[in-house]
Amino acid sequence: MSIHRRNNIRVTGRTSGRTVVLVHGFGCDQNMWRLVEPALAEDYRVVLFDYVGAGGSDLSAWQEERYSVLDGYARDLVEVCEELDLRDAVVVGHSVSAMTGVLARAMAPDRIGSLVMVCPSPCYIDEDDYRGGFTAEDIDELLESLESNYLGWSAAMAPVIMGNPDRPELGQELTNSFCATDPRIARVFARTTFLSDSREDLGDVTVPTLILDCEQDVIAPPEVGAYVHAAIPGSELVTLPATGHCPQLSAPDATAAAIRSFVSALGR
């Protein structure tokens with residue numbers, strides 16, 4: 001099967017120069033980047049795609065065994081890079097896909113030359129001195145609710161994840177995105193996401209890395225951004241003037257500006 005078709009790959013922007021790959025998170029698809037992509041496309045080649053099981057991907061290619069671990073999503077990213085023969089690409093990963101980018105970089109170091117981590121979380125569960133934002137009991141309850149009534153969970157949780165209660169249209173958009181995902185696939189991705197622990201992988205990141213977090217984020221609180229920054233040698237941390245877990249929607253101009261500044265500093 002063509003990877004282009006399987007992952008619904010779309011390429012915009014310049015035909016030469018540095019390539020920026022935008023990678024969506026749980027319950028989303030490439031449409032989540034639509035407010036950021038035009039600004040990046042002015043100066044760079046921009047690649048967007050959907051994980052298998054999301055958006056316009058080929059759902060027949062989804063396999064529970066593969067996508068029950070983060071490596072499965074990282075393989076999607078690597079295979080997209082291979083399909084387009086990318087070299088030294090900048091991978092911009094949102095939420096759990098920040099960690100997917102870390103794993104993919106280790107799999108294909110020649111393909112991925114730098115990372116932008118948007119609201120990353122290497123582990124969602126509090127442990128000893130580490131604050132991930134949730135207790136183990138919180139995650140158990142979240143997954144139980146999601147698995148018993150995915151549509152109800154989506155309607156209740158999406159506005160909380162998005163934040164910005166004064167802009168209900170943003171919460172509704174995330175709700176619609178969640179609800180468009182096949183519940184069976186969403187349950188697997190959710191369990192993979194919220195039970196993952198990629199903290200040990202952070203110390204292996206040796207490429208230029210930008211971490212973007214928000215002033216308030218119930219999914220990845222500021223302590224998580226600080227932890228990731230401390231764990232990746234030489235990384236840069238920028239706190240966006242935004243709230244919620246999806247600044248590419250709630251604060252697209254600031255998000256795009258931070259990414260452009262970072263990529264520009266890398267040179268050609």
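User: Where is Arg111 in this predicted model?

Analyst: The model is predicted. Arg111 sits in the loop between helix H4 (96–107) and strand E5 (112–118).

User: Why is Arg111 called buried?

Analyst: Its relative accessibility is 12%. Buried means under 20%. Arg111 is under that limit, so Arg111 counts as buried.

User: What makes the pairing of Arg111 and Asp85 a polar contact?

Analyst: The two side chains come to 2.8 Å. The cut-off for a pair of N or O atoms is within 3.5 Å, with one able to donate a hydrogen and the other to accept it. The value of 2.8 Å is within that limit, so the Arg111 and Asp85 side chains make a polar contact.

User: Is Asp85 buried, partly exposed or exposed, and how do you know?

Analyst: Asp85 is at 47% relative accessibility. Buried is under 20%, exposed is over 50%, and partly exposed lies in between. Therefore Asp85 counts as partly exposed. Asp85 is in the loop between helix H3 (70–83) and strand E4 (89–94).

User: What is notable about phi of Asp85?

Analyst: Phi is near 55°. That is a positive value in a residue other than glycine. Asn164 also has phi near 55°, again positive and again not in a glycine.

User: Where is Asn164, and why is it called buried?

Analyst: Asn164 lies in the loop between helix H6 (150–162) and H7. Its relative accessible area is 10%. The limit for buried is under 20%, so Asn164 is buried.

User: Why are Phe26 and Phe178 called an aromatic pair?

Analyst: A pair of aromatic rings is described by the distance of the centres and the angle of the planes. For Phe26 and Phe178 the centres are 5.5 Å apart. Rings pair if their centres lie within 6.5 Å. The value of 5.5 Å is within that cut-off, so Phe26 and Phe178 form a pair.

User: What makes that pair of Phe26 and Phe178 tilted?

Analyst: The planes are 55° apart. Under 30 degrees would be stacked and over 60 would be edge-to-face. The angle of 55° falls into neither class, so the pair is tilted.

User: Which parts of the chain does the pair link?

Analyst: The pair links distant parts, 152 residues apart. Phe26 is in the loop between strand E2 (19–23) and helix H2 (37–41), and Phe178 is in helix H7 (residues 168–179). Both Phe26 and Phe178 are buried.

User: How many aromatic pairs does the structure hold, and which residues form the aromatic cluster?

Analyst: The structure holds 13 aromatic pairs. One cluster is formed by Phe26, Phe49, Tyr51, Tyr67, Tyr73, Tyr124, Tyr150, Trp153, Phe178, Phe189 and Phe194.

User: What makes Arg199 count as lying over the face of Tyr130?

Analyst: Arg199 is at 4.7 Å from the ring centre. The distance cut-off is within 6 Å, and the charge must also be within 35 degrees of the ring normal. The value of 4.7 Å satisfies the distance part, and Arg199 is listed as lying over the face of Tyr130.

User: How many cavities does the search find, and what is the volume of the largest?

Analyst: Rolling a probe the size of a water molecule over the atoms shows where empty space is left. The search of the whole structure finds two cavities of 30 Å³ or more. The largest has a volume of about 130 Å³. Of its 15 lining residues, the closest to its centre are Phe26, Ser95, Ile161, Phe178 and His245. H7 and helix H8 (183–194) are the elements that give two or more residues to this lining.

User: How does the lining of the largest cavity divide into nonpolar, polar and charged?

Analyst: The lining has 10 nonpolar, five polar and no charged residues.

User: What is known about the second largest cavity?

Analyst: Its volume is about 60 Å³. Its lining includes His24, Cys28, Tyr51, Tyr73 and Phe189. The lining divides into seven nonpolar, four polar and no charged residues.

User: Why is Leu249 called buried, and what separates Leu249 from Leu170?

Analyst: Leu249 has a relative accessible area of 2%, under the 20% limit, so Leu249 is buried. Leu249 is in helix H11 (residues 247–250). The C-alpha atoms of Leu249 and Leu170 are separated by 7.4 Å, with their positions 79 residues apart along the chain.

Technical notes: Residues are numbered from 1 along each chain as its sequence is written. This is a predicted model: local features need pLDDT of at least 70, side-chain atom pairs count only at pLDDT 80 or more; totals for chains, interfaces and linings use all residues. Side-chain values use heavy atoms; hydrogens and water are left out. Rings of Phe, Tyr and Trp (its six-membered ring) pair if their centres lie within 6.5 Å; planes under 30 degrees apart count as stacked, over 60 as edge-to-face and the rest as tilted. Helices (H or I, at least four residues) and strands (E, at least two) are DSSP runs, numbered from the N terminus. Buried means under 20% relative accessible area, exposed over 50%, partly exposed in between (1.4 Å probe, protein chains only). On a 1 Å grid over the protein atoms alone, a cavity is a set of points where a 1.4 Å probe fits but cannot get out, and a pocket is an open set with protein on both sides within 12 Å along at least five of seven lines; lining residues have an atom within 4 Å of a point. Grid points are joined across faces, edges and corners, and a volume is the space filled by probe spheres set on the points. Ala, Val, Leu, Ile, Met, Phe, Trp, Tyr, Cys and Pro count as nonpolar, Asp, Glu, Lys and Arg as charged, and the others, Gly among them, as polar.
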